[in-house]
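Morning, everyone. I have one structure to walk you through today. Let me put it on the screen.

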Amino acid sequence: QTMPSTLEGDAMSTPPTELLAKKSASKDLVEKICQWLDDAKAEAIVTIDLEGKTSIGDYMVIATGRTDRHVGAIADQIQRKLKGEGLGRTRVEGTEACDWVLIDTGDLIIHVFRPEVREFYNLEKMWSVNRPPEVTAH
């Protein structure tokens, strides 16, 4: 006899051990993504743990490409690698101009910027400070 499964994504019915396993899987994927970014010659790779700061994901990875073509090539390589990991249903924005490409896997958000665009938005500063926890409506 099998137990009924919990609804996926419903934190209230997900046992704490499953939440820890999910967080660990996200951390493992973040390490792979950082390696892939390094392999693609991305620069200034930064990882931000979003736990307790927002519900938009577990981690944010920020990297810089030298030019718009480099940003596009990096984003393309990351998308292909994610698809190879079984994460083909990622959301991607910004590939038209390649000033800032955002890749959202659901648990991880990857930003690839041109240097001056990254400097302008300064996401590291915004997300690295101690933010008040989000208020959730019930």
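Let me begin with contacts. Take those in the chain between residues at least 6 apart in sequence: 56% of them join residues at least 24 apart. Keep in mind that this is a predicted model.

Now the overall numbers. The chain has 138 residues, and 36% of them count as buried. Its accessible surface comes to about 9100 Å². Carbon and sulfur atoms account for 53% of that surface.

Next, the secondary structure. There are 4 helices and 5 strands. Following the sequence, the pattern reads α-β-β-α-β-β-β-α-α.

How are the strands arranged in the sheet? The sheet is open, has 5 strands, and follows the order E1-E2-E5-E4-E3. The pairing is mixed. At the edges sit strand E1, residues 43-49, and strand E3, residues 91-93. Each of these two pairs on one side only. From one strand to the next, the twist averages 10 degrees.

Which elements does helix H2 lie across? Helix H2 covers residues 68-84, and it lies across E2, E3, E4 and E5. Against E4, helix H2 runs at about 10 degrees.

Let's stay with E4. This strand spans residues 100-104. Is it enclosed or open? Of its 5 residues, 4 are buried, so E4 is largely enclosed by the rest of the structure.

E4 has a partner on each side. Take E3 first. E3 and E4 run antiparallel, joined by 3 bridges. Here Arg91 stands opposite Asp104 in E4. The two strands form a hairpin, with 6 residues between them. In that turn, Gly94 has a positive phi of about 95 degrees.

Then E5, residues 108-113. E4 and E5 pair in the antiparallel sense over 5 bridges. Ile103 has Ile110 in E5 as its bridge partner. Trp100 stands opposite Phe113 in E5. This is a hairpin too, with 3 residues between the strands. Gly106 in the turn has a positive phi of about 110 degrees.

Hold on to Trp100, since it leads us to the aromatics. How many aromatic pairs does a search of the whole structure find? The search gives 3. A quick reminder: a pair of aromatic rings is described by the distance of the centres and the angle of the planes.

One of the pairs is Trp100 with Tyr121. Their centres are 4.6 Å apart, with 50 degrees between the planes, and the pair is tilted. Why does this pair tie together separate parts of the sequence? Trp100 lies in strand E4 and Tyr121 lies in helix H3, residues 115-121, so the pair links parts that are 21 residues apart in sequence.

Tyr121 also pairs with Phe120. Those ring centres are 5.0 Å apart and the planes stand at 90 degrees, so this pair is edge-to-face.

Are these rings buried or exposed? Trp100 is partly exposed, with a relative accessible area of 25%. Tyr121 is partly exposed as well, at 40% relative accessibility. Phe120 is exposed, with a relative accessible area of 63%.

Put the rings together. Trp100, Phe113, Phe120 and Tyr121 form one aromatic cluster.

To recap: an open sheet of 5 strands, helix H2 lying across E2, E3, E4 and E5, and an aromatic cluster that includes Trp100 and Tyr121. Thanks for listening.

Notes: Residues numbered from 1 in each chain as written. Predicted model: local features only at pLDDT ≥ 70, side-chain atom pairs only at ≥ 80, totals over all residues. Heavy atoms only, no water. Pairing = 2+ DSSP bridges. Axes fitted to C-alpha atoms, helices over the stretch in contact; angles between N-to-C directions. Contact = heavy atoms within 4.5 Å. Phe/Tyr/Trp six-rings, centres within 6.5 Å; stacked < 30°, edge-to-face > 60°. Buried < 20%, exposed > 50% of the residue type's maximum accessible area, 1.4 Å probe, protein only. Areas by Shrake-Rupley, 256 points an atom, 1.4 Å probe, with all protein chains shown as cover.
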